[in-house]
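Reader: I am new to reading structures. Please take one part of this one and look at it closely. Then show me how that part fits into the whole.

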Amino acid sequence: MVVKKQSEKDKWVYFLELSPHMEQIVGVYDQVFYKIERELKEKYPQEQLEMFGDVLKTISGYQWRDMQDD
């Protein structure tokens, strides 16, 4: 998944980079999300998209693991 490369300037330093295969996979995900974004913008008015974004932020802000059954 990642490739460890030693610095040319400082041999004590190493860099981690995505492997070429992982870069390709990430590129596919990017394409999917760009397509979804484009389709949402075509289908819904900006006001609804902003409200949806607020809902997603609220949901993602919960500490789900800390919640207990009431």
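Author: Start with Tyr44, which sits in the loop between α1 (20-43) and α2 (46-61). The model is a predicted one. Is Tyr44 buried, exposed or partly exposed? Its relative accessibility is 34%. Buried would need a value under 20%, and exposed a value over 50%. Tyr44 therefore counts as partly exposed.

Now look for another tyrosine, Tyr14. In sequence, Tyr44 and Tyr14 are 30 residues apart. In space, their C-alpha atoms are 46 Å apart. Tyr14 belongs to β2 (14-18). What sits over the ring of Tyr14? The charged end of Lys4 does, 4.4 Å from the ring centre. Lys4 falls within β1 (2-6). How many aromatic pairs are there? The count is zero.

Next, go to the loop between β1 (2-6) and β2 (14-18), where you find Lys9. Lys9 has a relative accessible area of 84%. The cut-off for exposed is over 50%, so Lys9 is exposed. Compare its position with that of Val55, a residue of α2 (46-61). The two are 46 residues apart in sequence. From C-alpha to C-alpha, Lys9 and Val55 are 47 Å apart in space.

Step back to the whole chain. The protein has two helices and two strands. Along the sequence they follow the pattern β-β-α-α. Why call the protein more spread out than a compact globule? Its radius of gyration is 20 Å, while the globule rule gives 11 Å for 70 residues. The value is well over the rule, so the protein is more spread out than a compact globule. Along the principal axes, the C-alpha atoms fill a box of roughly 50 × 40 × 20 Å.

Finally, the surface. Of the 70 residues, 6% count as buried. The protein exposes about 7,300 Å². Carbon and sulfur atoms supply 57% of that area. As for charge, there are 10 positive and 14 negative side chains. The centres of these two sets lie 9 Å apart.

Notes: Residues are numbered from 1 along each chain as its sequence is written. This is a predicted model: local features need pLDDT of at least 70, side-chain atom pairs count only at pLDDT 80 or more; totals for chains, interfaces and linings use all residues. Side-chain values use heavy atoms; hydrogens and water are left out. Helices (H or I, at least four residues) and strands (E, at least two) are DSSP runs, numbered from the N terminus. The radius of gyration is taken over C-alpha atoms; the globule rule is 2.2 Å times the number of residues to the power 0.38. Buried means under 20% relative accessible area, exposed over 50%, partly exposed in between (1.4 Å probe, protein chains only). Accessible areas come from the Shrake-Rupley method with a 1.4 Å probe; for residues, only the protein chains shown count as cover. Lys and Arg count as positive and Asp and Glu as negative; His and the chain ends are not counted. The place of a charge is taken as NZ of Lys, CZ of Arg, CG of Asp or CD of Glu. Rings of Phe, Tyr and Trp (its six-membered ring) pair if their centres lie within 6.5 Å; planes under 30 degrees apart count as stacked, over 60 as edge-to-face and the rest as tilted. A charge sits over a ring if NZ of Lys or CZ of Arg is within 6 Å of the ring centre and within 35 degrees of the ring normal.
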